[in-house]
Amino acid sequence: MLTSSRAFVRRGVLGSAVARPLSSSAPPPASSSASRPGPRSKLGVGLTTSKQGGVHGTMKSSGAWRNKPLFRRDGDARFKTGQEAAKMLTQEAKRRDGHEEEFIGSVSSTLAALGTVFERSPKYAWVAKQLLEPERQISFRVAWIDDTGIARTNRGYRVQYSSALGCYEGGLHFGHHVNSSVLKSLGFDSIFSNAIAGFSAGAAVGGSDFNPDNKSEAEVQRFCQSYMTELSK
């Protein structure tokens, strides 16, 4: 009896099985499918791909997205490489908003860095295509009274760029340099900074060409009250 018990324990240890009484008639546990190695990807060892493509897609689904036209203007425009997709998107941004230098600068640098992403997963080029245009952008008149009783007028902005990550959130910028190009550039950059930081908030930004540096505290207060009153409409 002692010899058979020792042999059973030895077999259990070497076979990585759970030790159980000799009198038990329960069958050994079946191997779990979770412990089986997943299918190997052609992209490299250790990378797995699902049947549906997953987040990063498969070689088959990537080819399907790559064969889909990115733009349909004067004929179907397709891309073969990720950098070509980034170039096409940059050209589209320049066609729409070529006069907005700050915004075009942000778009160009960001899309150039995302070329490798488009190369691996072409479907993200269509996501970037949607981000070339903010979801909502408004400009409005801000009328206020200075300390001498003179009526002054400035232009106010609010750009709600993307709500993909959550509700709109973003600060206000005041200065003589503020215009729609600067604010769109800041909103576009906020999309990716929030995503990288894991901050679940949408990208939004606002402001006005009002310069607070040479204004009194009372003038700044009256302007801000007028700005928020117009924005609430």
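This report describes a predicted model of a protein, moving from its overall make-up to its salt bridges and then to a few individual residues.

## Overall make-up and confidence

The secondary structure of the protein comprises eight helices and seven strands. Of its 233 residues, 32% are buried, and the surface that the protein exposes amounts to about 14,900 Å², with carbon and sulfur atoms supplying 55% of that area. When contacts between residues at least 6 apart in sequence are considered, 62% of them join residues at least 24 apart.

The mean pLDDT of the protein is 78, and 72% of the residues reach 70 or more. Over residues 1–25 the pLDDT is below 50, and this stretch has 11 contacts in the model beyond near neighbours in sequence. Residues 37–56 likewise have a pLDDT below 50, and for this stretch the model shows 20 contacts beyond near neighbours in sequence.

## Salt bridges around helix H3

The structure holds eight salt bridges. One of them pairs Glu133 with Arg96, where the closest N and O atoms are 3.5 Å apart. This pair links distant parts of the chain, since Glu133 sits in the loop between helix H6 (124–130) and strand S3 (136–145) while Arg96 belongs to helix H3 (residues 82–97), the two being 37 residues apart. Glu133 has a relative accessibility of 38% and therefore counts as partly exposed, and Arg96, at 37%, also counts as partly exposed.

A further salt bridge joins Asp97 to Lys184, with 3.1 Å between the closest N and O atoms. Here, too, distant parts of the chain are linked, with Asp97 in helix H3 and Lys184 in helix H7 (residues 180–197), 87 residues apart. Both Asp97 and Lys184 are buried.

## The Arg152–Asp146 pair and a shared network

The side chains of Arg152 and Asp146 also meet in a salt bridge, at an N to O distance of 3.3 Å. Arg152 counts as partly exposed because its relative accessibility is 32%, whereas Asp146 is buried, with a relative accessible area of 7%. Elsewhere, salt bridges that share partners join Glu92, Arg95, Arg96 and Glu133 into one network, and the Glu133–Arg96 pair described above is thus set among further charged side chains.

## Glu219, a buried acidic residue

Glu219 lies in helix H8 (residues 217–231). What is the nearest side chain of opposite charge to this buried residue? It is Arg222, at a distance of 4.8 Å, and Glu219 has no salt bridge. The cut-off for a salt bridge is 4 Å between a side-chain nitrogen of Lys or Arg and a carboxyl oxygen of Asp or Glu, so a separation of 4.8 Å does not qualify.

The side chain of Glu219 nevertheless has backbone nitrogens at hand: that of Asp147 lies 3.0 Å from one of its polar atoms, and the backbone nitrogen of Ser216 lies 3.0 Å from a polar atom of the Glu219 side chain. Leaving aside residues up to four places away in sequence, Glu219 touches Trp144, Asp146, Asp147 and Phe210. Asp146, one of these residues in contact with Glu219, is the acidic partner of Arg152 in the salt bridge described earlier.

## Surroundings of helix H7

Ser180 is placed in helix H7, the helix that also contains Lys184. A polar contact of 3.3 Å joins the side chain of Ser180 to that of Glu100. When residues up to four places away in sequence are not counted, Ser180 touches Glu100, Gln137 and Tyr157.

Gly105, located in helix H4 (residues 101–113), counts as partly exposed because its relative accessibility is 40%. Although Gly105 and Ser185 are 80 residues apart in sequence, their C-alpha atoms are 8.0 Å apart in space.

## Tyr161 in strand S4

Tyr161 is found in strand S4 (residues 151–162). Is this tyrosine, Tyr161, buried or exposed? With a relative accessibility of 1%, Tyr161 counts as buried. Its C-alpha atom is separated by 9.9 Å from that of Asp189, a residue 28 places apart from Tyr161 along the chain.

Note on methods
Residues numbered from 1 in each chain as written. Heavy atoms only, no water. Helix = DSSP H or I, 4+ residues; strand = E, 2+ residues; numbered from the N terminus. Buried < 20%, exposed > 50% of the residue type's maximum accessible area, 1.4 Å probe, protein only. Lys, Arg positive; Asp, Glu negative; His and termini not counted. Polar contact = N/O pair within 3.5 Å; in protein donor to acceptor, adjacent residues only side chain to side chain. Contact = heavy atoms within 4.5 Å. Areas by Shrake-Rupley, 256 points an atom, 1.4 Å probe, with all protein chains shown as cover. pLDDT = per-residue confidence, 0-100.
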